[in-house]
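Good morning, and thank you for coming. I would like to take you through one structure this morning, beginning with the ligand and moving outward from there.

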Amino acid sequence: MVQLTVVMNEKNQELENIVSLAKRRGFIYNGSDVYGGLSGTWDYGPLGVALKRNIMNLWWKMFVEDREDMYPVDAAILMNQKVWQASGHTATFTDPLVECSNCHGRFRADKLDNPNKCPTCGSEGTFGEARQFNMMFKTHVGSTEDDTSVSYLRPETAQGIFTNYKNVVDSFYPDLPFGMAQQGKAFRNEISPRDFIFRSREFEQMEIEYFVEPDKWQVSFDALLANIHEYLNALGLPSDKIHELEVPEGDRAHYSKRTIDIEYDFPIGREELLGLAYRTDFDLMNIQNHAGKSMEYTIKGMNTKFVPHVIEPSFGVERSVMAVLSAAYTEDEVNDEKRIVMKFPEHLAPVKYCVSPLVRNKPELVEKARTVYQMLKKKHGNVMWDDNGNIGKRYRRQDEIGTPYCVVIDFETLEDNAVTVRDRDTTEQKRVSISELG
Ligand code: ATP
C-alpha cells in the first residue's frame, strides 16, 4: 500500500512536470485562462500548435497520402439531428453520473476509486442511484429554438464519414477494401474532465472507416493493426509502453465483433490511447434504415449487392500529444548541471533548428547569423532565432522545447564559412560548413 502511494506520487509529479513545462514554454495553456478558465478546454500555444500539427500531418501522410486506398473527407461539425438519432447517440451516448448529497460534487460513477466515497468531501454513502448523463453538447441551428432545430456538436468524427460514404462511392467508385479518413474536432460534455488534455471536453480525432467485404474483415483488421503500430513507432513511443487490450465480448459495443484498445503507459497510468474496432455493417445499415437510401455496394463486373462491413481505427489527437510529451520528457545531467530535455523525434520537434550569433553586439556576426537563419527558415520553416543571454542559457532553453540542433555563428565563421552545430541529445558540438547545413 505504501509502495503504491509512492508510485502514484511519482506519476503525479511526472504529469505536473509536463503540465508546468507545457505552460511555461508555450505548448499548452488552460482554456480561457485569463477569465479563470473553462474546465475541460485547453489552448495550444505556438509550440503546441507546431507539435500537434506535426503529429496530425504524420498521421495524414502515413494513413492518407502514402496509400492508394484512402479517401479523405472534411465534414461539417454540425449535422442533422437524425444522424445522432440513427447512430444511437441521442439515446445511449451516456456516462453514469452520481452526485454527492453533501457537497453536490458530480462524478462519473465508473471512474471512482471508491464507489461509496466522495473524492471531494470524503463523505461516505452520499451518492444516490447513478443516472445516465448524455455527453453531447446540444445547440439550435437557425433562429427558432424548438425540437426541430436541435443539433449537436459532434461527439465523434466518424458519423461525418459514414454520411458521406455514398457520395464518395458515387464520385469515385473505389474497389473494396477502401477507407475514408477524417481529422477534426469532437466535443463531449465529460462529467469529470481530468488528467491534463487526456480527458477534455473539446478535442480532436483522427478516424478511418475502412470498408470491406464481410468475409474478408480479418485481413484488413490485422493490416490496420500493423499500420497503427508503425504510426506509434514513428511517434517515438517506446514499444514496451504500448499494450493491446483485447476487449472481451461483454465489454464491447453490442455491434462490435472485435475491438482492440491500444493502451499506453501515460504518467497517469495505463490508459486508452486509441481504439480499433470491427463494427460489422451496423453504421451503414442504420443509415440505410433511417434515411431510406441504399448503402449497398456492387463489386465491378458482379451482380451481387451487399452493405460493406467496417473496421474503424479511432485515434485521439490530445492523447497522442500527451503520449509524445511524456515519452520525450527527460531529466539528465550535463557537466554536473541538471537539465530538462524534450527528446522529440526530429520530425515532430516544433523547432528543428535554433540559430544564434555567439554575441549580439557584433553587427557582422548578427548579419551572418541572419543569413544562415533565413536560409534554414526558407528550407525548413520551423527555425527559431535566439540571441538572448549566453550560449549555455540558450542551449538549456532549446533543450526544454526539444530543438534537435542549435547553430551558432562565431568569429571563425566569418573566416571559414562554417558554424557550430550542437546536438540536443548528445550535447556534442560539430563544425559544419554552411553549405552543408540542413
Ligand atoms: P474513454 O473510455 O477513455 O472515455 P472512449 O472509449 O469513449 O474513451 P472513443 O469513443 O473510442 O473513446 O473515442 C476514440 C478516441 O478518441 C479515444 O481512444 C481517445 O483517443 C479519444 N477521446 C475520446 N474521448 C476523449 C476525451 N474526452 N478527451 C480526449 N480524447 C478523447
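Strand E13 gives the shell around the ligand its largest share, namely three residues. Please keep in mind throughout that this is a predicted model. Strand E13 covers residues 269-278, and two further elements, strand E10 (202-212) and strand E16 (309-316), also give two or more residues to the shell around the ligand.

Which residues come nearest to the ligand? Among the 15 residues around it, they are Glu190, Arg199, Ser200, Glu272 and Leu273. By class, the shell is made up of six charged, five nonpolar and four polar residues.

Three side chains deserve individual mention. The side chain of Glu272 has an N or O atom 2.6 Å from an oxygen atom of the ligand. For Glu190, the partner is a nitrogen atom of the ligand, and the distance to an N or O atom of the side chain is 2.8 Å. Arg188 has a side-chain N or O atom 3.0 Å from an oxygen atom of the ligand. As for cover, the ligand on its own has 590 Å² of accessible area, and the protein covers 81% of that.

Let me stay with strand E13 for one more residue, Gly275, which lies in this strand. Is Gly275 buried or exposed? Gly275 is buried, because its relative accessible area is 11%, and the limit for that term is under 20%. Its contacts, leaving aside neighbours within four places in sequence, are Ile260, Asp261, Glu312, Pro313 and Ser314. The C-alpha atoms of Gly275 and Ile262 are 5.8 Å apart, although 13 residues separate the two along the chain.

I turn now to the interior. The largest nonpolar core has 60 residues, and within it Phe27, Tyr231, Leu232 and Leu325 touch the most other members. Several elements supply at least two residues each to this core, including helix H1 (2-24), helix H2 (46-65), helix H7 (217-234) and helix H9 (317-328). The strands E10, E12 (258-266), E13 and E16 do likewise. Leu232 offers an example: not counting residues up to four places away in sequence, Leu232 touches Leu237, Ile242, Ile262, Leu273 and Leu274. We have already met one of these, Leu273, among the residues that come nearest to the ligand.

Apart from this largest core lies another, of 19 residues, which includes Phe178, Phe211, Leu284 and Phe306.

That brings me to helix H8, residues 282-291, where Leu284 is one of the buried residues. The others are Phe282, Asp283, Asn286, Ile287 and Gln288. What do the buried residues of H8 pack against? Their partners are helix H3 (81-87), helix H5 (158-162), helix H6 (165-172) and strand E10. Just after H8, Gly292 takes a positive phi of about 70°.

Some backbone details follow. Thr280 sits in the loop between E13 and H8. Phi of Thr280 is near 50°, a positive value in a residue other than glycine. Thr280 counts as buried because its relative accessible area is 9%. Asp336 also has a positive phi, near 60°, and is found in the loop between strand E17 (329-334) and strand E18 (337-342). Asp336, however, counts as exposed, because its relative accessibility is 75%. Finally, a cis peptide bond joins Leu176 and Pro177, with omega at about -5°; Pro177 lies in the loop between H6 and strand E9 (178-187).

Farther along the chain, Thr413 lies in helix H12, residues 411-416. Thr413 counts as buried because its relative accessibility is 0%. Leaving aside neighbours within four places in sequence, Thr413 is in contact with Lys368, Val408, Ala418, Val419, Arg431 and Ile434.

I close with the chain as a whole. The chain has twelve helices and 23 strands. Of its 438 residues, 50% count as buried. The C-alpha atoms fill a box of roughly 75 × 65 × 50 Å along the principal axes. Of the contacts between residues at least 6 apart in sequence, 64% join residues at least 24 apart. The exposed area of the chain is about 21,800 Å², and carbon and sulfur atoms supply 48% of that area.

Conventions
Residues are numbered from 1 along each chain as its sequence is written. This is a predicted model: local features need pLDDT of at least 70, side-chain atom pairs count only at pLDDT 80 or more; totals for chains, interfaces and linings use all residues. Side-chain values use heavy atoms; hydrogens and water are left out. A residue is near a molecule or strand if one of its heavy atoms lies within 4 Å of it. A polar contact is a pair of N or O atoms within 3.5 Å; within protein, one must be able to donate a hydrogen and the other to accept it, and residues adjacent in sequence count only if both atoms are side-chain atoms. Accessible areas come from the Shrake-Rupley method with a 1.4 Å probe; for residues, only the protein chains shown count as cover. Helices (H or I, at least four residues) and strands (E, at least two) are DSSP runs, numbered from the N terminus. Ala, Val, Leu, Ile, Met, Phe, Trp, Tyr, Cys and Pro count as nonpolar, Asp, Glu, Lys and Arg as charged, and the others, Gly among them, as polar. A nonpolar core is a set of buried Ala, Val, Leu, Ile, Met, Phe, Trp, Tyr and Cys residues joined through side-chain atoms within 4.5 Å. Buried means under 20% relative accessible area, exposed over 50%, partly exposed in between (1.4 Å probe, protein chains only). Contact means heavy atoms within 4.5 Å.
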